[in-house]
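This report goes through the fold, the sheet, a pocket and a few single residues of one protein chain. The sequence and structure come first.

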Amino acid sequence: MNIRKATVSDAPALAALNHSVQNMHADAFPEKFRRDTPDESVARVFSTAIQSPSNYWLVWVEEQPIAFICAEFREHDENWCVVAHRSCYLSGIVVAPQFRRKGIARALLEELKREAAARRVTSIELDVWAFNEQAKRTFATLGFRGMREKMTLVMEKPNQAPEPTAPSGRGSA
């Protein structure tokens, strides 16, 4: 198996791998996602995340990294509506396009599941963008199921928004 924990020295290669996913998001939501971030900036962010004690990054390496998974282990205190629990938030999984559909994502996830079990995690959670039907199907085949949906009301662009008006009705002075 070619899976190992990511190191800071992997950050530039992981930033380059991230291009295809970043561009897919920028195609779907150009008002939200950049496609011009310099690789060095992404590599710095990835490097910092790899060093964070709560983060867990794995890479699949052939001669160089061809896939990665990044996750964060979280502790949740009991409060008025939830019981105390540990979770793992899967923030990203990227496989180079030419290596997809070869079981690499599944293998990375299995390794993450082993680590999560060792940390006594009760769930692995993730978000999937509504446009990404392929990811939804893939995660469903890997055992994930829907639990909640996040919805967005897109407001007018700030530079095109009309001037605010005074509230109408009672109580105006």
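In what order do the strands of the open sheet stand, and with what kind of pairing? The model is a predicted one. Its open sheet has five strands in the order β1-β2-β3-β4-β5, and the pairing is mixed. At the edges stand β1 (3-5) and β5 (123-126), each with a single partner strand, so one side of each is left without a neighbour in the sheet. From one strand to the next, the twist averages 30°.

**Overall fold**

The protein chain holds five helices and five strands. Along the sequence these follow the pattern β-α-α-α-β-β-β-α-β-α. Of the 173 residues in the protein chain, 31% are buried.

**Strand pairing**

Strands of a sheet pair through backbone hydrogen bonds, in either a parallel or an antiparallel sense. The table lists the pairs of this sheet, with one pair of opposite residues for each.

| Strand pair | Direction | Bridges | Residues opposite each other |
|---|---|---|---|
| β1 and β2 | antiparallel | three | K5 and L58 |
| β2 and β3 | antiparallel | seven | Y56 and A71 |
| β3 and β4 | antiparallel | 10 | C70 and G92 |
| β4 and β5 | parallel | four | C88 and I124 |

Strand β2 covers residues 55-61 and strand β3 residues 65-76. A hairpin of three residues links β2 to β3. Strand β4 spans residues 85-95 and runs parallel to β5.

**Strand β2**

How many residues of β2 are buried? Seven of the seven are, so β2 is largely enclosed by the rest of the structure. In a regular strand the side chains alternate between the two faces of the sheet. Both faces of β2 are covered: on one side N55, W57, V59 and V61 are buried, and on the other Y56, L58 and W60 are buried. L58 is also the residue of β2 that K5 stands opposite, and Y56 has its bridge partner, A71, in β3.

**The second largest pocket**

Rolling a probe the size of a water molecule over the atoms shows where empty space is left. The second largest pocket holds about 230 Å³ of space. It is lined by 13 residues, and those closest to its centre are N18, Q22, T37, V42 and F46.

Which helices each supply at least two residues of the lining of this pocket? They are α2 (19-28) and α3 (39-51). The largest share of the lining, four residues, comes from α3. By class, the lining of the second largest pocket is made up of four nonpolar, five polar and four charged residues.

**A buried aspartate**

D10 sits in the loop between β1 and α1 (11-17). Is D10 buried or exposed? The relative accessible area of D10 is 5%, and a residue under 20% counts as buried, so D10 is buried. The side chain of D10 makes a polar contact with the side chain of R4, at 2.7 Å.

**Exposed residues outside the sheet**

Two arginines have a positive phi. For R101, phi is near 65°, a positive value in a residue other than glycine. R101 lies in the loop between β4 and α4 (104-118). R101 is exposed, with a relative accessible area of 79%.

The other arginine is R120, where phi is positive at about 55° although the residue is not a glycine. Where is R120 placed? R120 is in the loop between α4 and β5. With a relative accessible area of 63%, R120 is exposed.

M147 belongs to the segment after α5 (133-141). M147 is exposed as well, with a relative accessible area of 70%. In sequence M147 and E125 are 22 residues apart, and in space they are 9.4 Å apart, C-alpha to C-alpha.

Notes:
Residues numbered from 1 in each chain as written. Predicted model: local features only at pLDDT ≥ 70, side-chain atom pairs only at ≥ 80, totals over all residues. Heavy atoms only, no water. 1 Å grid on protein atoms, 1.4 Å probe; cavity = no way out; pocket = protein on both sides within 12 Å on 5 of 7 lines; lining within 4 Å. Points joined across faces, edges and corners; volume = space filled by probe spheres on them. Nonpolar A, V, L, I, M, F, W, Y, C, P; charged D, E, K, R; others polar. Pairing = 2+ DSSP bridges. Axes fitted to C-alpha atoms, helices over the stretch in contact; angles between N-to-C directions. Buried < 20%, exposed > 50% of the residue type's maximum accessible area, 1.4 Å probe, protein only. Polar contact = N/O pair within 3.5 Å; in protein donor to acceptor, adjacent residues only side chain to side chain.
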